[in-house]
Structures are given as structure tokens and as C-alpha cells.
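Colleague: I'm new to this one and would like a close look at a single part of it. Could you put it up and walk me through?

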Amino acid sequence: MQEDIAHCREAMFEQDVKKLSESSVRVVGRSRRLCQVGRREIKNTADPMYKSMLQTAITQLEAGENISFSCKFVKIPSG
């Protein structure tokens, strides 16, 4: 996941739309999978604190709170 986010940053810096699209699709796919696994774990555990922690993490991931990166498009002079 961190590698995919790094690829997104790199693509934004390079202004490579295709690379950004591919990388962001991977981030979204992995995020969805993490949420699925987390929900399954919530159903299979008896520990209420662990369930609460997982639910909080899932909620934050779905809201995009844990994926925080920013990069401004900067015009780099050629030559």
C-alpha cells in the first residue's frame, strides 16, 4: 500500500496521468480488500476493544482519513 502511494506521488510529480491512474486504482483496490478483511475479523473475534479499534480503522480508511498525501503540480522548467 505504501509503495502504491509512493507511485501516486511520483506520478503526480511527473504529471504522468496514466501512471497516476494505475497507482490510484491499486490503492483503492487494496483499501477495499483491507476493509473486507477487517470486517471479517470483527465477525470472528470476541474482544470488544479489538472490534472497536478495527471498526474505527475501517471507518477512517473508507473516509480517506488514513491515506494522506499531497503533492502540488509544479511546472518544472525544461532545459
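To get my bearings, how many helices and strands does the secondary structure of the chain come to? After that, please stay with helix H2 (17-44) and the loop between H2 and helix H3 (48-63).

Modeller: Happy to, and keep in mind that this is a predicted model. The chain has three helices and zero strands, so to speak an α-α-α pattern when you read along the sequence. Of its 79 residues, 20% count as buried. Among contacts between residues at least 6 apart in sequence, 46% join residues at least 24 apart. As for the outside, the chain exposes about 6,200 Å², and carbon and sulfur atoms supply 55% of that.

Now to H2. This helix has 28 residues and runs 41 Å from its first C-alpha to its last, close to the 40 Å expected at 1.5 Å a residue. Start at its N-terminal end, where Asp-16 acts as a cap: a side-chain oxygen of Asp-16 lies 3.3 Å from the backbone nitrogen of Lys-18.

Next, follow the buried residues along H2: Lys-19, Ser-23, Val-27, Ser-31, Cys-35, Gly-38 and Ile-42. There's a handy rule for reading a list like that. An α-helix has 3.6 residues a turn, so residues three or four places apart point the same way. What covers the buried residues of H2 includes helix H1 (2-14) and H3.

Two of those H2 names come back in the largest nonpolar core, which has five residues: Cys-35, Ile-42, Leu-54, Ile-58 and Leu-61. H2 and H3 each supply at least two residues of this core, and H3 gives the most, with three. For a view of the two helices meeting, pick Leu-54. Not counting residues up to four places away in sequence, Leu-54 touches Gly-38, Glu-41 and Ile-42.

Finally, step off the end of H2 to Thr-45, which is found in the loop between H2 and H3. Is Thr-45 buried or exposed? Buried means under 20% relative accessible area, and Thr-45 counts as buried because its value is 16%. Leaving aside its neighbours within four places in sequence, Thr-45 is in contact with Tyr-50 and Lys-51.

So here's a route for your own look: begin at the Asp-16 cap on H2, go along the buried residues to Ile-42, and end at Thr-45 in the loop.

Notes. Residues numbered from 1 in each chain as written. Predicted model: local features only at pLDDT ≥ 70, side-chain atom pairs only at ≥ 80, totals over all residues. Heavy atoms only, no water. Helix = DSSP H or I, 4+ residues; strand = E, 2+ residues; numbered from the N terminus. Buried < 20%, exposed > 50% of the residue type's maximum accessible area, 1.4 Å probe, protein only. Contact = heavy atoms within 4.5 Å. Areas by Shrake-Rupley, 256 points an atom, 1.4 Å probe, with all protein chains shown as cover. Expected span 1.5 Å × (residues − 1). Polar contact = N/O pair within 3.5 Å; in protein donor to acceptor, adjacent residues only side chain to side chain. Core = buried A, V, L, I, M, F, W, Y, C linked by side-chain atoms within 4.5 Å.
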